[in-house]
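Biologist: I should be grateful for a close look at a single part of this protein, followed outward into its surroundings. Please take one residue as the point of departure and describe what lies about it.

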Amino acid sequence: MVMRTVAIKNFLALRTHPDLAALYNHDMEVQVNVGQCGGQKVDGEYNGVKWLGWSDGITTWKPFRIPWNASTSPTYEDSEIRYDLDKYAEGIGLTGWDWKSKLSRWCAYDFDAITGHSERHQKKLSNEELKQLKDAVSLIPWVTVRSSTSGSGLHLYVFLQTPVPTSTHTEHAALARAILGLMSAMSGQDLQAKIDACGQNMWIWHKKMIGTSGLTVLKSGIPLDKVPPNWRDHLDVV
């Protein structure tokens, strides 16, 4: 019997960049997505929560997130995983929030390229816009820059020298938004207008990175030693 958190850790150790795999432990907020993989759509309900997944009549596989109730009263009870991540996983991502200790350990930001995204995507950036953004934020010592999962966009990480107490995912997202404001001021870029995800799930492995330069480190940053003291002001916006 393999527990879900153990399966995730083992999978990441084999499938993604070592420094990204090292970011995961069983206390971190995590999202696991699965692909259709030839299955038929099925649904159900567990503890009052509805779910959607896929089945081939023998095995059922479905996405899941740890913890439950992340925005209110986070809790989780680990359980056996009943399908093979190697076969069915499509993406695994982290937010940087340690839900068990209620600490924000890092914040991450996603900027998407035009290539590979729908016309309805309102915040996708041209190659020139992405280059300008990369050049600007790379001058900030505490920003780490990676390529996105497909290799065409950008992921920005800000690691915190001292983890910040945050009791819910919502508080973590508010902290991330405050740091984004600081990043905008220092880079001279209106990052809020360009960002796709702020303090939300960031893929640290995804099928679409296979065979690409996805998630490659473009510039390493040092930990941020002081966060904006008024970060809670962003709670209402989040």
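Modeller: Let us begin with Pro 67, which is found in the loop between strand 5 and helix 3 (85–88). The model is a predicted one. In it, the peptide bond leading from Ile 66 to Pro 67 is cis, with omega near 5 degrees. Most peptide bonds are trans, and most residues other than glycine have a negative phi.

The proline is also enclosed: Pro 67 has a relative accessible area of 4%, and because buried means under 20%, it falls in that class. Setting aside neighbours within four places in sequence, Pro 67 is in contact with Glu 29, Pro 74, Thr 75, Tyr 76, Trp 97 and Trp 99. Phe 111, by contrast, is 44 residues along the chain from Pro 67, and the C-alpha atoms of the two are separated by 26 Å.

Strand 5 (64–66) leads on to the largest pocket, since strand 5 and strand 3 (49–55) each supply at least two residues of its lining. The space in the largest pocket comes to about 770 Å³. Its lining has 24 residues, and those closest to the centre are Arg 4, Tyr 46, Lys 62, Phe 64 and Trp 68. Strand 3 contributes the largest share of this lining, with four residues. By type, the lining consists of 12 nonpolar, four polar and eight charged residues.

Two of the central residues take part in a contact between a charge and a ring. Arg 4 lies over the face of Phe 64, at 4.2 Å from the ring centre. Lys 62 lies over the face of Trp 51, at 4.0 Å from the ring centre.

Rings also meet one another, and a search of the whole structure finds six aromatic pairs. In one of them, the ring centres of Tyr 83 and Tyr 88 are 6.1 Å apart and the planes stand at 80 degrees, so the pair is edge-to-face. Tyr 83, at 9% relative accessibility, is buried, and Tyr 88, at 4%, is buried as well. Ring pairs join these two tyrosines with Trp 61 into a cluster.

The rings of Trp 106 and Phe 159 likewise have centres 6.1 Å apart, but their planes are at 45 degrees, and the pair is therefore tilted. This pair links distant parts of the chain, as Trp 106 belongs to strand 7 (residues 103–111) and Phe 159 to strand 9 (residues 154–165), 53 residues apart. Trp 106 is buried, at a relative accessible area of 4%, whereas Phe 159 is partly exposed, at 26%.

A second pocket deserves mention. The second largest pocket holds about 180 Å³ of space. Its lining numbers 13 residues, with Asp 110, Asp 112, His 155, Trp 203 and Lys 208 nearest the centre. That lining divides into three nonpolar, six polar and four charged residues.

Finally, the backbone has further points of note beside the cis bond. Lys 102, although not a glycine, has a positive phi of about 55 degrees. This lysine is placed in the loop between strand 6 (89–98) and strand 7, and it is partly exposed, with a relative accessible area of 33%. Leu 215 is not a glycine either, and it has a positive phi of about 65 degrees. Leu 215 sits in the loop between strand 11 (202–206) and strand 12 (217–219), where, at 0% relative accessibility, it counts as buried.

Conventions: Residues numbered from 1 in each chain as written. Predicted model: local features only at pLDDT ≥ 70, side-chain atom pairs only at ≥ 80, totals over all residues. Heavy atoms only, no water. 1 Å grid on protein atoms, 1.4 Å probe; cavity = no way out; pocket = protein on both sides within 12 Å on 5 of 7 lines; lining within 4 Å. Points joined across faces, edges and corners; volume = space filled by probe spheres on them. Nonpolar A, V, L, I, M, F, W, Y, C, P; charged D, E, K, R; others polar. Phe/Tyr/Trp six-rings, centres within 6.5 Å; stacked < 30°, edge-to-face > 60°. Buried < 20%, exposed > 50% of the residue type's maximum accessible area, 1.4 Å probe, protein only. Lys NZ or Arg CZ within 6 Å of the ring centre and 35° of its normal. Contact = heavy atoms within 4.5 Å.
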